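Here's a quick tour of a protein model, written for someone who likes to check backbone angles and accessibilities. Open the structure and follow along.

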Amino acid sequence: MPEIFQPASHFAVIAGWIVGAVAIAYGIGLGLSWAVQRLGRRSSVVNDIAQLTRRPVRATLMVIAASAAVHRVSDPESSWRGWLDHALVLVLIATITWLIASLAAVAERRAIARFAGGDAGLTDADRHRRKIRTQVTVLRRLVIAIVVVLGAAAALMTFPSFSDIGRTLFASAGVLSVVAGLAAQTSLGAAFAGIQIAFSDAIRVGDVVVLEDEWGRIEEITLTYVVVHLWDERRLVLPCTYFTTTPFQNWTRNATELLGTAELDVDFTVPFDEMRAELDRLLHANPLWDGRVGVLQVTDAVDGYVRVRMLVSAPNAGALFDLRCDVREGMVAWLQHANPGALPRRRLEHQSGRDVGLRSNSEPPRYRKADSGLFTGNPEAERRGRAFDQAEDVVPDPDRELARVRYDGG
């Protein structure tokens, strides 16, 4: 009898077998996960396998069970058997790829637990652990990318026409290689930059960096981009090529200790010895100070002010910023209470209108003959100049000025 006239009960039986097989496989997967978790109480490796692979293992068992049920109860000559088998093969390839990627995650977790365990700290051992963590994470991402590419290639190989496509691509390999190279130049460059960052130790997960006029902590490093957790809770995402082509600051490259300054402009009457004693008191009372550097220096004295710089040290960038703020606030409070006269002030020298030549708009312009600069250069000339200063101001007379010019020209 033609297949299109087969009773619906036949397809119901096939569907029932498939559902039953999938249910049994799911139950087997649950039991297997339970048994592995029981064994994982004694082994951390088995525990990681049970946690990270239970879903892909169940999916793989269910696909295998469904494929076995289809082969058991269906006719190999059925028209729908071919595409169903093909679909099950594709799903099986996907679940196996998922399983291998999960095993890569297990290897990453075990490597980090053994070689890079613990929190990010300040010692050389902590920096080494951050380096290992960064490299292992990048390797895991690279392995997963390779596994996914191989899985996609395996899926394409199941199509009969793939060989014809391959021959066509091979015939035009020269043109396609150039086009692919140009199209993937940026992506490949970013991928290689990510690998270079992971193994060159330029930055690590947890490093404090300053870039793009922002400072933050390296939160994640992938094959193509780096995520920086900024100080104000923002995330700055930069391509890996940025860190291989653009200069940036790494405050925790070899050590986390840093120096910082807090500057104040004060009056010339400030007592420097007392100010240094107050700085020492503030630093010793602050737990953020690491005890390495605490210096007060006068760096400038211009424009009526004295610029005082307080150089302090702290174990890390966050503590340094808070310490600078505390020192600046404490020093200002000390100046306000103990030495208010040392606060910045601007001095103005008052001169009379006679000295500066100020007159009302209604008065004619006046001048002093001593302002001409003729009575300078020797003591006798200065004496005559002082005598001239005592003379009264005169109103300029054009006739008198003309007569004087003619007399001088003589």
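What follows goes from the whole chain to a few individual residues.

## The whole chain

First things first: this is a predicted model. The protein has 410 residues, and 29% of them count as buried. As for secondary structure, you'll be looking at 13 helices and 8 strands.

On the surface side, the accessible area adds up to about 25,800 Å², and carbon and sulfur atoms own 60% of that. Now for contacts along the sequence: take those in the protein with a separation of 6 or more, and 66% of them come from residues 24 or more positions apart.

## The S7-S8 hairpin

Strands S7 (294-300) and S8 (306-314) are worth zooming in on. They run antiparallel, with 6 bridges joining them. One pairing to look up is Asp300 with Arg307, its bridge partner in S8. Together S7 and S8 make a hairpin, with 5 residues between the two strands.

Inside that turn sits Asp303, with a positive phi of about 60 degrees. That's one for your Ramachandran plot, since Asp303 isn't a glycine. Most residues other than glycine have a negative phi. Is Asp303 buried or exposed? Its relative accessibility is 61%, so Asp303 counts as exposed, the cut-off being over 50%.

## Another aspartate with positive phi

Asp213 also has a positive phi, near 60 degrees, and it is not a glycine either. Where is Asp213 in the chain? Look in the loop between strand S1 (208-211) and strand S2 (214-221).

Accessibility is easy to call here: the value for Asp213 is 78%, which means that this residue counts as exposed. So both loop aspartates, Asp213 and Asp303, are in the exposed class.

## Val332 in helix H10

For a helical residue, go to Val332, which is part of helix H10, spanning residues 317-338. How does its accessibility class come out? The relative accessible area of Val332 is 30%; because that value falls between the 20% and 50% cut-offs, Val332 is partly exposed.

If you'd like a distance to check, try Val332 against Val266. These two valines are 66 residues apart along the chain, and their C-alpha atoms are separated by 9.8 Å.

Terms used. Residues numbered from 1 in each chain as written. Predicted model: local features only at pLDDT ≥ 70, side-chain atom pairs only at ≥ 80, totals over all residues. Heavy atoms only, no water. Helix = DSSP H or I, 4+ residues; strand = E, 2+ residues; numbered from the N terminus. Buried < 20%, exposed > 50% of the residue type's maximum accessible area, 1.4 Å probe, protein only. Contact = heavy atoms within 4.5 Å. Areas by Shrake-Rupley, 256 points an atom, 1.4 Å probe, with all protein chains shown as cover. Pairing = 2+ DSSP bridges.
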